[in-house]
Amino acid sequence: DTEGLLRIKEENQKHYRRAQRHQEKKEKIQRHNRKLGDLVEKKTYDLKTQYEHLANLRRSHILELTSVIFPIEEVKTSMRDPADVSSESDNAMTSSTVSKLAEARRTTYLSGRWVCDDHNGDTSISITGPWIILPNNGDYSAYYSWVEEKKTTQGPDMEHNNPAHTISAALCYATQLVNTLSLILDVNLPKKLCNRQVKTQQGNHEFCGENLSRHRFTRAVKKLNANILHLCFSQHVNLDLLHPLHTLRNLMYLVSPDTENLGR
């Protein structure tokens with residue numbers, strides 16, 4: 001029994017010494033983990049600082065781009081309310097009809113419901129200059145109406161102030177600006193739109209090449225609007241300000257100095 005007790009004591013001492021070595025290893029690993037944790041925390045802070053610096057650089061580039069090359073501004077138009085014009089041409093029109101026409105003019109169908117749109121029709125948005133404007137309400141029917149008319153009319157086009165020309169130019173500049181913003185912000189666009197006037201397999205530039213049919217024009221506008229909304233979502237633009245049909249107004253909100261997250 002005494003010899004057995006001595007053997008057990010020796011084994012216990014071996015286990016104790018081994019436990020001490022394991023404890024030292026454990027403490028060493030804990031010190032190493034704490035050191036790595038401090039290093040990761042410092043690197044995370046440095047990365048966050050670099051992200052903020054990069055965001056500020058992107059923001060400054062975008063603000064410079066949109067102030068020097070692609071200024072976007074709201075232009076007040078002197079359009080008369082169609083209800084007023086109709087009432088003048090038809091004295092027998094009732095006041096209720098006039099009010100309904102005015103209400104319809106200020107209403108837009110959005111997300112399955114009719115919403116009031118105070119900007120609908122009374123303003124336009126310009127890009128690169130006050131002479132290149134788009135209707136605020138997203139109604140570009142003047143373009144394909146002009147294209148249809150050109151198909152039946154022979155001879156050179158002498159209408160330099162044709163609204164179809166300004167619509168085409170504004171959409172062309174908007175496409176170029178959106179593609180440039182995607183490069184600056186490092187955001188991949190969901191739809192591909194060419195902003196160079198070169199021959200490709202798909203044809204010319206969507207807006208600055210040949211006259212587009214109504215279907216191709218509408219399809220290109222939808223792609224442009226989708227890209228603009230995608231950029232707005234990536235920069236956390238207030239969703240209450242956006243409208244799926246307001247091409248330049250959405251762009252104006254995106255590049256506004258008041259957009260807090262611009263450059264993220």
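The following paragraphs describe the fold, core, helices, salt bridges and backbone features of a predicted model.

The protein chain contains seven helices and five strands. Along the sequence, these elements follow the order α-β-α-α-β-β-β-β-α-α-α-α. The protein chain has 264 residues, of which 33% count as buried. Contacts between residues at least 6 apart in sequence were examined for their range; 62% of them join residues at least 24 apart. The exposed surface of the protein chain amounts to about 17800 Å². Carbon and sulfur atoms supply 52% of that surface.

In soluble globular proteins, nonpolar side chains tend to be buried together. Here, the largest nonpolar core comprises 43 residues. Ile 127, Leu 171, Leu 181, Phe 217 and Leu 251 have the most contacts inside this core. At least two core residues come from each of α1 (2–68), β4 (123–127), α4 (141–152), α5 (163–185), α6 (214–234) and α7 (247–254). Helix α5 gives the largest share, ten residues.

Ile 127 illustrates the packing around one of these core residues. Residues up to four places away in sequence are set aside in the list of its neighbours. Ile 127 then touches Phe 70, Pro 71 and Ile 72, as well as Ile 132. Its partners also include Ala 170, Tyr 173, Ala 174 and Leu 177. Leu 248 is a further contact of Ile 127.

Helix α6 has 21 residues, which should span 30 Å at 1.5 Å a residue. The C-alpha atoms at its ends are 30 Å apart, in agreement with that expectation. Many positions of α6 were examined for burial. Phe 217, Ala 220, Val 221, Lys 223, Leu 224 and Asn 225 are among its buried residues. Asn 227, Ile 228, Leu 229, Leu 231, Cys 232 and Ser 234 are buried in α6 as well. The buried set thus includes Lys 223, Asn 225, Asn 227 and Ser 234 alongside Phe 217 and Leu 224. After α6 comes His 236, with a positive phi near 60°.

Helix α7 is largely enclosed by the rest of the structure, because seven of its eight residues are buried. These are Thr 247, Leu 248, Arg 249, Asn 250, Leu 251, Met 252 and Leu 254. The cover over the buried residues of α7 includes strands β1, β4 and β5. Helices α5 and α6 also contribute to it. Two residues of α7 recur elsewhere in this account: Leu 248 touches Ile 127, and Leu 251 is listed with the most contacts inside the core.

Side chains of opposite charge can pair when their charged atoms come close. The structure holds two salt bridges. One joins Glu 74 and Arg 249, with 3.1 Å between the closest N and O atoms. This pair links distant parts of the chain, 175 residues apart. Glu 74 lies in strand β1 (residues 72–76), and Arg 249 in helix α7. Glu 74 is partly exposed, at 33% relative accessibility. Arg 249 is buried, with a relative accessible area of 4%.

The other salt bridge connects the side chains of Lys 42 and Asp 46, at 3.2 Å from N to O. Both residues belong to helix α1. They are four residues apart, about one turn of the helix. Lys 42 has a relative accessible area of 51% and is therefore exposed, the cut-off being over 50%. Asp 46 is partly exposed, at 29%.

Helix α1 also contributes to a nonpolar surface feature through Leu 54. Leu 47, Tyr 51 and Leu 54 make a nonpolar surface patch of about 300 Å². The relative accessible area of Leu 54 is 34%, and this residue is partly exposed.

Most residues other than glycine have a negative phi. Thr 128 departs from this pattern, with a positive phi near 65°. Thr 128 sits in the loop between β4 and β5 (133–135). Its relative accessibility is 19%, so Thr 128 counts as buried under the 20% cut-off. Asp 186 is not a glycine either, yet its phi is positive, about 60°. Asp 186 is placed in the loop between α5 and α6. At 61% relative accessibility, Asp 186 counts as exposed.

Key:
Residues numbered from 1 in each chain as written. Predicted model: local features only at pLDDT ≥ 70, side-chain atom pairs only at ≥ 80, totals over all residues. Heavy atoms only, no water. Core = buried A, V, L, I, M, F, W, Y, C linked by side-chain atoms within 4.5 Å. Buried < 20%, exposed > 50% of the residue type's maximum accessible area, 1.4 Å probe, protein only. Contact = heavy atoms within 4.5 Å. Expected span 1.5 Å × (residues − 1). Patch = residues over 30% accessible without salt bridge, like charges linked within 9 Å, V, L, I, M, F, W, Y side chains within 5 Å. Areas by Shrake-Rupley, 256 points an atom, 1.4 Å probe, with all protein chains shown as cover. Salt bridge = Lys/Arg side-chain N within 4 Å of Asp/Glu carboxyl O.
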